[in-house]
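Visitor: I am new to this structure and would love a close look at one part of it. Could you pick a pair of charged side chains, start there, and walk me outward?

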Amino acid sequence: MGQGFHRLSVAGSNLAPVAGPRRLLALAGLGLVAGMVGCETDSYLDPSVMGRWEQTPTVVPILDRIAAIEEDTGDLVEYSEPTAQDLVPVAQSYRIGPGDGLTVIIYDLVVANQPEEYRLVVDARGFIEIPQLGRLQVSGKTEAEAKTVIEEAMRRLVANPLVSVTASSQQEQIFTLIGAVTRPGPYFIPKPDYRLLEALTTGGNFDESIADVYVIRRIALADELLPETTAPSAGEAPAQPRSGEELIDIIDDITAPQGGNSGGGNPGAFVQPENQDRPPAVDLPDGGAATPATPAAEPMGETNWVFLNGRWVEVAGRRASNGAGQQPSEAEQLVTQRIIRIPLRDLLAGKQTLNIVIRPGDIVRVPQPPSGLVYMAGQVARPGPYQLPAAGKLTLLRALDSAGGLSGIAIPERIDLTRMVGRDRQATIRLNGRAIAEATQPDVFLKPDDRINVGTNFWALPLAVVRNGFRASYGFGFLLDRNFGNDVFGAPPTNINGGG
């Protein structure tokens, strides 16, 4: 019986004089070893090995979208960056809305010189109902305007009506927190200077690894309702948006005292010679200089309160008024929304320009971190589904590493990526894994439900058979199968005892 395996030693001390075929094999082995040692070889007859391994560093982008199979629809929503106006607290007169609870105290309605207290809830249509007065429309009105409505209804019963209206439950003074937080839902805004970081903490824990948070804010389409600090004069082009530092300069100009500053105080502060408790009114839309308001002065239009230079300032906007108790015009009722995108990492790092003020009606959305499965198939070590990481993104090369790498018969040039490109459509594209590993082509970010299928070819298996036929041993030898041993070395010696 022939010997199972034969070893041909090619080391210098073990190399013995051999016949012609054996000498050729030895020289071939020496040449192969010298070739592998003398140059940077990516693989040893193994096409599944891939990598760059170059001395020069390189930078290659990573694709988030594959243009060949995915349409460039752009952002479905137009985002905006925080502006300087988003950082300024504004205390507006609260307007009653549906669902608000009102405490109404009326004198002399039932018994002379006796108050009657009513605890009412504004219905869905904006009405309240008071005995002897009927249904009254109060939605969209301030407490003072609602008081005027009730007094007008009482004049047919009482000569000098006396009414007190308090919005005890302000449902419109809320913001909504949604998304990946522990306790989503509506929350009350306790103060005008209520900011985004405070709003995020009200909902409990949230994932700090997400990229951005979004504030969805209602804004008015009518120019009269847009918040402004200055108004251009006649014939003057509208001013372009300015940075936060320049806005502070504008505010200082608006709040400069008239006729100089007596007493050597802050040159940018108001001077109130008469009433020190009442902040002055600033008539912004006329573009004129700021003038202190007397206690008897009534601002034209809606009055807002702005926190400027360390104090609250009453800002009177001059816009057409339809009279007390009348509804806004159709142009005033037209509103749209603005979506403010805030980088969460910078916000948590303490960047003040991102910690914007939360206004009534805002919706703060904390997105869910990316989640889903990526499916690895074909010539990988461990095929199967893999979870997308909660923090960071998964690329094609990293997914191959997670699956244990390529198998011995994998061909990196034949990688199919199947991706969902619609609700009921998927597309497949072939990627060159070797070129990606060599940094001559960009890597690709994987998305949920992606399927990676690593292929092979006709020559991969024969190369694997040849490659596996060589085994390293001491003395730098190689092994031959018994079927080829007699052809190379001749018949094995015969046992002197007659055994084969």
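Guide: Happily! Let us begin with Asp 86 and Arg 217, which form a salt bridge whose closest N and O atoms are 3.2 Å apart. This pair links distant parts of the chain, with Asp 86 in the loop between β3 and β4 (90-92) and Arg 217 in strand β12 (residues 212-220), 131 residues apart. Please keep in mind that the model is a predicted one.

Are these two partners buried or exposed? Asp 86 counts as buried because its relative accessibility is 3%. Arg 217 has a relative accessibility of 5%, so Arg 217 counts as buried too.

Now look beside the pair, at Arg 359. This residue is found in the loop between α6 (344-348) and β17 (363-366). Arg 359 is buried yet has no salt bridge. Its nearest side chain of opposite charge is Asp 86, at 5.0 Å. A salt bridge needs a nitrogen of Lys or Arg within 4 Å of a carboxyl oxygen, so a distance of 5.0 Å does not qualify. What does the side chain of Arg 359 reach instead? The answer is the backbone oxygen of Gln 85, at 2.8 Å. Setting aside neighbours within four places in sequence, the contacts of Arg 359 include Gln 85, Asp 86 and Arg 217, the last two being our opening pair. Val 88, Pro 89, Val 90, Ile 174, Phe 175 and Ile 189 are also in contact with Arg 359.

Let us step back to the whole chain for a moment. The structure holds 15 salt bridges. As a general point, side chains of opposite charge can pair when their charged atoms come close. Another of these bridges joins the side chains of Glu 70 and Lys 447, at 2.9 Å from N to O. Glu 70 lies in the loop between β2 (62-63) and β3 (79-80), and Lys 447 in the loop between β22 (443-444) and β23 (451-454), so this pair ties together parts that are 377 residues apart in sequence. Glu 70 counts as buried because its relative accessibility is 12%, whereas Lys 447, at 26%, counts as partly exposed.

A further salt bridge joins Glu 413 to Arg 434, with the closest N and O atoms 2.5 Å apart. Glu 413 sits in the loop between α7 (396-402) and β20 (415-420), while Arg 434 belongs to helix α8 (residues 433-437), so the two parts they tie together are 21 residues apart in sequence. Glu 413 is partly exposed, at 27% relative accessibility, and Arg 434 is buried, with a relative accessible area of 16%. Salt bridges that share partners also join Glu 70, Arg 419, Lys 447 and Asp 450 into one network.

The strand β20, which we have just met, has partners of its own. β20 pairs with strand β21 (residues 426-431) in the antiparallel sense, over six bridges. The two form a hairpin with five residues between them. Within this pairing, Thr 418 has Thr 428 of β21 as its bridge partner. β20 is also joined to β23 by four bridges, and these two strands run antiparallel. There, Leu 417 has Ile 452 of β23 as its bridge partner.

Elsewhere in the chain, three strands form an open sheet in the order β6-β5-β9, with antiparallel pairing. Why is one side of β6 (115-121) and of β9 (162-169) left without a neighbour in the sheet? Each stands at an edge with a single partner strand, so nothing in the sheet pairs on its other side. The twist averages 20° from one strand to the next. Helix α2 (residues 143-154) packs on the sheet, touching β5 and β9, and its direction makes about 140° with that of β9. Strand β5 (residues 101-107) and β6 pair over seven bridges, and the bridge partner of Ile 105 in β6 is Glu 117.

To place all this in the full picture, the chain has 10 helices and 24 strands. Of its 500 residues, 33% count as buried. Among contacts with a separation of 6 or more, 64% come from residues 24 or more positions apart.

Terms used:
Residues are numbered from 1 along each chain as its sequence is written. This is a predicted model: local features need pLDDT of at least 70, side-chain atom pairs count only at pLDDT 80 or more; totals for chains, interfaces and linings use all residues. Side-chain values use heavy atoms; hydrogens and water are left out. Buried means under 20% relative accessible area, exposed over 50%, partly exposed in between (1.4 Å probe, protein chains only). Lys and Arg count as positive and Asp and Glu as negative; His and the chain ends are not counted. A polar contact is a pair of N or O atoms within 3.5 Å; within protein, one must be able to donate a hydrogen and the other to accept it, and residues adjacent in sequence count only if both atoms are side-chain atoms. Contact means heavy atoms within 4.5 Å. Two strands pair if DSSP finds at least two bridges between them. Axes are lines fitted to C-alpha atoms, for helices over the stretch in contact, and angles run from 0 to 180 degrees between N-to-C directions.
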